[in-house]
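Biologist: Could you take me through the nonpolar interior of this protein, and the helices packed around it? I'd love one connected tour that I can follow on screen.

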Amino acid sequence: VGLNGRWMQVAGNFILQPPEGIQPKGIVHFLGGPFVGAAPHLSYRHLLETMANRGLIIVATPYNLDLDYLRTCDSIVEKFDKAKKSLVEAHGQLPIIGMGHGAGALLHALLSSLFPDMHKDLNVLMSFTNRPASQAIPAFNEVVVPISKQIMSSDFPSRNLRRIVSSVRRVVDVAVNLLSESSLSPSIVSEDLVPLLRQGFQLVDQVPSLMKEIAEGKQEFSPTPENIEEVLRVMYRAKRTLLVHFDNDNMDSTAELETLLKKSNSIMRMKLNRPLDNMEIERKHFSGSHVTPLTQNLFADIQPSGRLSVPESYNRLRSQFQTNFLKSVTEVSDELSSFILSACSKIPAKSPSLAKKEDDRPSSDPIKAIRSEIFQPNDKNELVDNKSSQTPRLAIDFHSDIAKQRASYFLGQRLKMEEVSS
């Protein structure tokens with residue numbers, strides 16, 4: 001199995017199939033939290049591998065921390081679309097579950113609001129977080145902003161520091177390549193250790209671009225937390241959502257999200273000119289903290305080889321570690337897997353014609369993928385306002401970074417309507 005386990009890299013995603021002999025029941029599209037989301041297959045390895053062992057295909061899409069959420073969403077959609085196509089060819093149409101932790105939960109919520117043709121049968125949102133940058137990033141105003149401005153400034157010491165860091169990074173890459181290509185290196189180095197190191201570097205490589213963005217004056221997420229709340233309240237449209245909350249998580253915004261989604265359910269039922277099934281919103285509580293899903297199994301499952309045997313003391317220590325340290329994350333994984341598998345068993349299979357229609361949706365050119373605007377203007381070029389509500393009627397079928405412009409326009413119109421009504 002090796003250090004990388006069964007993970008495979010496909011079109012920028014990390015994919016984990018169930019063990020041989022276990023039929024896949026669904027596809028879990030996973031997004032991790034900030035920073036650790038750049039290498040989710042490493043950061044959330046125990047959680048995701050335990051779920052895959054239950055019969056779920058895991059597609060973990062890495063992303064770099066960016067203050068522009070919608071730009072991040074575009075990158076995620078483009079990667080996942082390519083992975084999904086290969087999985088459909090191999091396994092047919094399977095239910096798709098969006099699952100995210102922290103900022104990953106927020107991104108999935110945005111994908112189900114502003115990118116509605118990215119179909120998902122179920123969302124599992126763990127430790128949903130929607131906070132300003134000053135609260136989401138530790139010591140943001142006190143440390144991160146001043147250091148970013150200093151390091152990215154144009155003075156000689158800062159330029160020299162950036163050159164040194166860049167040179168060191170290149171030297172590390174050369175060393176890793178030599179280690180991989182050396183005939184003296186055992187196969188585990190080139191096949192497992194080197195890829196693992198390169199994937200781990202992704203956690204660090206995202207920092208310079210973020211610091212540059214901050215140094216140039218961008219110091220808040222876009223859309224802002226307030227705008228995200230408005231978008232979710234009016235536009236969220238996943239059929240079923242499971243909210244996951246940990247009892248010792250001071251970063252969590254799940255309670256606020258639950259209120260928003262219940263309002264969204266009422267708005268969507270009133271405003272869309274077509275029948276709409278009631279959105280199911282459920283909530284589960286677990287013991288643990290914000291970092292519980294990141295808990296790792298530090299003791300590998302070593303199999304005897306030839307005359308080499310595994311010491312009994314190692315097995316006892318490993319068993320005790322799994323019983324105590326991994327108890328919370330294993331409980332989370334088992335309960336979420338059971339919930340998802342139960343939901344998958346109730347999702348009707350898609351017809352071949354519908355499946356082909358979804359697969360034919362263009363992904364590489366998002367602008368061509370737009371079918372309509374968010375708003376449906378009437379013959380006087382005014383926003384439709386059914387039943388005297390302040391909420392415009394929404395179109396359902398668009399997908400691109402143009403979503404940013406549409407969301408901005410949408411929020412602007414909402415504010416105008418509220419000013420007029422008040």
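Modeller: Happy to; we will go through the core, then two helix pairs, then one buried side chain and a few backbone details. Please keep in mind that this is a predicted model.

Let's start with the largest nonpolar core, which has 48 residues. Within this core, V59, L111 and Y236 touch the most other members. Many elements contribute: the strands β3 (26-31) and β4 (56-60) each supply at least two residues, and so do the helices α3 (69-91), α4 (103-114), α6 (140-151), α9 (207-215), α10 (225-235) and α11 (254-271). If you click on V59, you can see how its contacts are spread along the chain. Leaving aside residues up to four places away in sequence, V59 touches N13, F14 and I15, then I27, V28, H29 and F30, and also F80, A83 and L87. Apart from this core lies another one, of 31 residues, with Y44, L122, V329 and F339 among them.

Now for the helices, beginning with α4 and α10. Their axes come within 9 Å and cross at roughly 50°, so the two helices are oblique to each other. The crossing of α4 and α10 is left-handed. On the α4 side, the residues that meet α10 are L106, A109, L110, S112, S113 and L114, and their partners in α10 are I228, V231, L232 and M235. Sorted by class, this contact has 8 nonpolar and 2 polar residues, with no charged ones.

The second pair is α6 and α9, whose axes come within 8 Å and cross at roughly 95°. That angle is why α6 counts as roughly perpendicular to α9. From α6, the contact uses F140, V144, V145, I147, S148, K149 and I151, while α9 brings M211, I214 and A215. By class, the contact of α6 with α9 has 8 nonpolar residues, 1 polar and 1 charged.

Next, have a look at I340, which sits in helix α13 (residues 327-346). With a relative accessible area of 0%, I340 is buried, because anything under 20% falls in that class. Not counting residues up to four places away in sequence, I340 touches V28, M51, L56, I97, L122 and V124. Take V124 as an example: I340 and V124 are 216 residues apart along the chain, yet their C-alpha atoms are separated by 8.7 Å.

Finally, a few backbone details in the loops are worth a zoom. Between α9 and α10 there is a loop that holds P223, and the peptide bond from S222 to P223 is cis, with omega near 0°. F35, in the loop between β3 and α1 (40-43), has a phi near 70°, a positive value in a residue other than glycine. S127 also has a positive phi, of about 50°, although it is not a glycine; S127 lies in the loop between β6 (122-126) and α5 (133-136). As for exposure, F35 counts as partly exposed at 31% relative accessibility, whereas S127 is buried, with a relative accessible area of 0%.

Key: Residues are numbered from 1 along each chain as its sequence is written. This is a predicted model: local features need pLDDT of at least 70, side-chain atom pairs count only at pLDDT 80 or more; totals for chains, interfaces and linings use all residues. Side-chain values use heavy atoms; hydrogens and water are left out. A nonpolar core is a set of buried Ala, Val, Leu, Ile, Met, Phe, Trp, Tyr and Cys residues joined through side-chain atoms within 4.5 Å. Buried means under 20% relative accessible area, exposed over 50%, partly exposed in between (1.4 Å probe, protein chains only). Helices (H or I, at least four residues) and strands (E, at least two) are DSSP runs, numbered from the N terminus. Contact means heavy atoms within 4.5 Å. Axes are lines fitted to C-alpha atoms, for helices over the stretch in contact, and angles run from 0 to 180 degrees between N-to-C directions. Angles under 35 degrees count as roughly parallel, over 145 as roughly antiparallel, 65 to 115 as roughly perpendicular and the rest as oblique. A crossing is left-handed if the near helix is turned anticlockwise from the far one by less than a right angle, and right-handed if clockwise. Ala, Val, Leu, Ile, Met, Phe, Trp, Tyr, Cys and Pro count as nonpolar, Asp, Glu, Lys and Arg as charged, and the others, Gly among them, as polar.
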